[in-house]
Amino acid sequence: MSGLSVVAGAPGRYVNWWVIQISVTNLTIIVVMVLLFILALVVPFPTGHDEQRDEEGRSR
Amino acid sequence: MTTRAGEVNPDEATDPKNWTNKLRGRLEGLVPPGQALPDRQPVYVASWIYVFGVLTLTSLVVVIVSGFVLSMGGSAWWHVSSLGHFTNSVHLWSVEMTFGFMVVHLWGKFWMAAWRGKRTLTWISGVMLFGISIGTSFTGFLSQSNFDSQWIGGQAKDGLNSIGAGAFFNVLNPGQMLMWHVVLLPLGVGALTLMHIILVRRHGVVPPLDAKLEG
């Protein structure tokens, strides 16, 4: 419990740029999300050979 | 009315004025046949960007289940129990995951112009779901029953008063906020999630912008 209090009481670190003030934690999360988005676009999705041969862009 | 024991009158069974038949027809027509739980998808769905919708949904299931467990313990349980503390952490981090996945899903769908092909209502229901999810999580922060929730409530009070909402939506009333968090807003989240999923299954996942060029 005392360890938890120390963590909760620690002052946050902030990045200040012009009118923008953001905590390092939030900035890190946003950077990770952008990275995740880019990776989702460029990393090939594993597909079985059957699926690749089949399906000609079946649309509904 | 039945003609004999166990034999249904065919005229009555197809009576269009019968509300049961009308409701059945509407339910059956919600999604095209075979599209409620399809086991195959168009080839362009084989991309990681199409995974984030279902990741959001999966995280939401963890949010709901951990929320159920927290509800059984009561609002103060997580302060006095290690299991309660763990469950509270699971609840918090599954919410973080839900929002993270939801935003990446939103970015993907925005740049894909996912409202194309009569999918306007799918897009709008997603936007509404995003909005009501934010409200649900904010009332969660107000339901922590600690100094953090008290401070957040104090900060939010002035803003809500300034738009005239403070009279009926009192963020300094923890009981009211807890009820919004565990009953009213989750009902909206559940209904909109169901609507969003039905609409996605009804119109299918949106194809990439260059799908037609590929033929």
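Okay, let's start with chain A: its secondary structure comes to 3 helices and 2 strands. Helices here are DSSP runs of H or I with at least four residues, strands are runs of E with at least two, and both are numbered from the N terminus. Reading from the N terminus, the order is α-β-β-α-α.

Before I go on, a word on what we're looking at. This is a predicted model, where local features need pLDDT of at least 70, side-chain atom pairs count only at pLDDT 80 or more, and totals for chains, interfaces and linings use all residues. Residues are numbered from 1 along each chain as its sequence is written, while chains are lettered from A and ligands numbered from 1 in the order in which they are written.

Back to chain A, and the two strands. S1(A), residues 14–17, and S2(A), residues 20–23, run antiparallel and are joined by 4 bridges. For pairing, DSSP has to find at least two bridges between two strands. If you want to follow the register on screen, A:Val15 sits opposite A:Ile22, and A:Trp17 sits opposite A:Ile20.

The hairpin has 2 residues between its strands. Which of its residues takes a positive phi? That's A:Trp18, with phi near 55°, and bear in mind that this is a residue other than glycine. A:Trp18 lies in the loop between S1 and S2 of chain A. It counts as exposed because it has 5 C-beta neighbours inside 10 Å. The cut-offs, since I'll keep using them: a residue is buried with 20 or more other C-beta atoms within 10 Å of its own, exposed with 12 or fewer, and partly exposed in between, with C-beta atoms placed from the backbone.

On that scale, how much of chain A is buried? Buried residues make up 0% of its 60 residues. Helix H2 of chain A, residues 24–42, fits in with that: among its 19 residues the count of buried ones is 0. H2(A) reaches 27 Å from first C-alpha to last, close to the 27 Å expected at 1.5 Å a residue. The expected span, by the way, is 1.5 Å times one less than the number of residues.

Now chain B. It's divided into domain 1 (48–98) and domain 2 (113–206), with the bounds coming from an automatic or database domain assignment. Taken over C-alpha atoms, the two domain centres are 16 Å apart. As for the interface, 7 residues of domain 1 are in contact with 7 residues of domain 2, where contact means C-beta atoms, placed from the backbone, within 7 Å. On the domain 1 side, helix H3 of chain B (residues 52–73) gives the most, with 3 residues. That side divides into 4 nonpolar, 3 polar and no charged residues. Nonpolar covers Ala, Val, Leu, Ile, Met, Phe, Trp, Tyr, Cys and Pro, charged covers Asp, Glu, Lys and Arg, and the others, Gly among them, are polar.

Next, a couple of spots along chain B. B:His85 is in helix H5, residues 82–111, and it's partly exposed because 15 C-beta neighbours fall inside 10 Å. Then there's B:Ala113, in the loop between H5 and helix H6 (120–141). Its phi is positive, near 50°, again in a residue other than glycine. B:Ala113 is partly exposed too, with 13 other C-beta atoms within 10 Å.

Last stop, helix H7 of chain B, residues 147–162. Its 16 residues should span 22 Å at 1.5 Å a residue, and the end C-alpha atoms are 23 Å apart, so that agrees. Where does H7(B) bend? At B:Ala156, by about 30°, the bend being the angle between axes fitted to the seven residues ending there and the seven starting there. H7(B) is hardly covered, with a buried count of 0. After the helix comes B:Gly164, with a positive phi near 85°.

Further on, B:Ala167 lies in the loop between H7 and helix H8 (174–203). With 8 C-beta neighbours inside 10 Å, B:Ala167 counts as exposed. B:Ala167 and B:Gly135 are 32 residues apart along the chain, and their C-alpha atoms are separated by 17 Å. That's it from me.

How values were computed
Two residues are in contact if their C-beta atoms, placed from the backbone, lie within 7 Å.
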